[in-house]
Structures are given as C-alpha cells and as structure tokens.
Amino acid sequence: MISYPSRHCTVELQALPSRIGQVRRIVSAQLRYWHLDALIDRASLGVTELLSNVHRHAQPDKTCTVEIELLLDRLTVSVRDHDPRMPVVDDAEPLATCGRGLAMVAAMSESWGVRPDGESGKVVWFTLPTSSTAVAAPSRRARHTALEKPARRFAEVGHTADGLRPEHAPARSAVAG
C-alpha cells in the first residue's frame with residue numbers, strides 16, 4: 001500500500017532484495033515530486049541500508065514500513081519493523097563485507113536514531129536538511145574527508161590490442177536490488 005498525502009509517503013513491504021530496489025525508486029520519485037532532487041542520493045542510500053538491515057536481522061518476519069516525511073526544513077526517513085532488538089553500531093574490520101551500514105547512515109545524515117515501537121518493534125530513522133544551502137553545498141568536513149580518502153576502484157579496466165574494446169572486468173555492486 002502506498003499513500004501520497006502532500007508531504008508524507010508511506011510504503012509497507014517485505015524487506016526482500018527485489019522490494020528494496022522498488023522502495024528506492026519510490027523514494028526517488030517522491031523526492032523529485034517534492035522538488036528535492038538534491039536529496040535523492042542520500043535518501044536512497046539511507047533507506048537501502050535500513051531495509052538491508054531489516055532483511056538481514058529482523059525476526060520474526062521481514063514486514064516493515066518505510067515512511068518519508070517533509071516538515072519545514074527537514075526530511076525524515078524512517079523504517080519500522082517487528083523486531084524489538086535495537087541495532088548496534090560496530091567498528092567493522094577493514095576487509096569485512098558488511099557492518100558499516102549504520103555508520104554510513106550516521107555519516108551522510110544530519111541526525112539518526114532508533115526508538116522502540118510498542119512491545120515488539122522499533123523505528124530506525126534519519127534526517128536530512130532541505131534548506132537550499134545545506135542541500136547545495138556539502139559540509140566542510142565531507143569535502144575534507146573526500147580529499148584525504150579517495151574512493152577505491154573495484155576493478156581496473158584495460159583495453160585490448162585493437163584499443164577499441166575493454167577487457168573483461170568483473171561487475172560489482174555495493175547495493176542489493
């Protein structure tokens with residue numbers, strides 16, 4: 001079920017990899033409709049991480065609700081599930097393939113948190129500023145970090161002898177769905 005009141009959107013789903021991609025597209029479309037295109041990447045990344053955690057950890061079921069709400073100068077994205085266990089932010093080992101999701105949500109959002117939801121559930125949420133200066137210009141800290149730590153490439157792509165076709169390089173994705 002999807003509802004679209006003026007500044008509120010709710011999506012109920014099973015947190016399965018195929019559904020996570022669908023919700024990411026719904027969030028992107030809603031933000032475009034609200035003329036918040038500059039927030040699409042961060043909101044999509046955050047909701048993907050939160051839904052991936054539900055898929056990976058939530059018990060007894062994977063049913064959850066994603067809610068995005070625009071109030072004044074803040075966009076709040078929240079994911080409600082039926083597992084009362086609170087998430088824990090751990091330091092992931094350098095070569096670990098998982099364990100960085102909540103730290104990434106914390107780094108890219110203005111604020112984030114978790115709260116119990118009744119006796120058998122929780123809500124994990126994050127906020128993004130919508131003011132034109134906060135959306136248009138990344139923080140000084142973010143620029144500084146990006147300059148110090150360039151992104152690693154997964155694979156180098158070489159060219160064949162004819163110089164026209166790239167050699168095969170394995171495709172990799174950091175996001176399921």
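Trainee: What makes S2 and S3 a strand pair?

Mentor: This is a predicted model, and in it 7 bridges join S2 (residues 8-14) to S3 (residues 63-71). Pairing takes at least two bridges, so 7 bridges qualify S2 and S3 as a pair. The two strands run antiparallel. For one position to look at, Leu 13 stands opposite Cys 64 in S3.

Trainee: How do you know that S3 also pairs with S4?

Mentor: By the bridge count again: 8 bridges join S3 to S4 (residues 74-81), and the cut-off is at least two. S3 and S4 run antiparallel. Thr 65 stands opposite Arg 80 in S4, while Leu 71 has Arg 74 as its bridge partner.

Trainee: What lies between S3 and S4 in their hairpin?

Mentor: There are 2 residues between the strands, and Leu 72 in the turn has a positive phi of about 50°.

Trainee: Which strand pairs with S4 over 8 bridges in the antiparallel sense, besides what we said about S3?

Mentor: That's S6. Leu 75 stands opposite Leu 128 in S6. S6 (residues 122-129) also pairs with S5 (residues 111-116), in the antiparallel sense over 6 bridges. There, Trp 112 has Phe 126 as its bridge partner. The hairpin of S5 and S6 has 5 residues between the strands, and Gly 118 takes a positive phi near 70°.

Trainee: How many helices and strands does the whole chain have?

Mentor: The chain has 5 helices and 6 strands. Along the sequence they follow the pattern β-β-α-α-β-β-α-β-β-α-α.

Trainee: Back to Cys 64: why is it called buried?

Mentor: Its relative accessibility is 1%, and buried means under 20%. So Cys 64 counts as buried. Cys 9 goes the same way: at 2% relative accessibility, Cys 9 is buried too.

Trainee: How many disulfides does the structure hold?

Mentor: It holds 0 disulfides. A disulfide needs two cysteine sulfur atoms within 2.5 Å.

Trainee: Why is Ser 78 called buried?

Mentor: Ser 78 has 10% relative accessibility, so with the limit at under 20% it counts as buried. Ser 78 sits in strand S4. Leaving out residues up to four places away in sequence, Ser 78 touches Thr 65, Val 66, Glu 67, Val 123, Val 124 and Trp 125.

Trainee: And over the whole chain, what share of the residues is buried?

Mentor: Buried residues make up 32% of the 177. The accessible surface comes to about 11500 Å², and 56% of that belongs to carbon and sulfur atoms. On contacts, take those between residues at least 6 apart in sequence: 58% of them join residues at least 24 apart.

Trainee: What makes Lys 122 and Asp 81 a salt bridge?

Mentor: The closest N and O atoms are 3.0 Å apart, and the limit is within 4 Å, so Lys 122 and Asp 81 form a salt bridge. The pair links distant parts of the chain, with Lys 122 in strand S6 and Asp 81 in strand S4, 41 residues apart. Both residues are buried.

Trainee: How do you know that Arg 85 and Asp 83 form a salt bridge?

Mentor: The closest N and O atoms are 2.6 Å apart, and the cut-off is within 4 Å. That pair therefore meets the definition.

Trainee: Are Arg 85 and Asp 83 buried or partly exposed?

Mentor: One of each. Arg 85 has a relative accessible area of 47%, so it is partly exposed, since exposed means over 50% and buried means under 20%. Asp 83, at 3%, is buried.

Trainee: What makes Arg 74 and Asp 73 a salt bridge?

Mentor: Their side chains meet at 3.3 Å, N to O, set against a limit of within 4 Å. Arg 74 is partly exposed at 30% relative accessibility, and Asp 73 is partly exposed at 35%.

Trainee: Which residues do salt bridges with shared partners join into one network?

Mentor: Asp 73, Arg 74 and Glu 110. In the whole structure, a search finds 5 salt bridges.

Conventions. Residues numbered from 1 in each chain as written. Predicted model: local features only at pLDDT ≥ 70, side-chain atom pairs only at ≥ 80, totals over all residues. Heavy atoms only, no water. Helix = DSSP H or I, 4+ residues; strand = E, 2+ residues; numbered from the N terminus. Buried < 20%, exposed > 50% of the residue type's maximum accessible area, 1.4 Å probe, protein only. Contact = heavy atoms within 4.5 Å. Areas by Shrake-Rupley, 256 points an atom, 1.4 Å probe, with all protein chains shown as cover.
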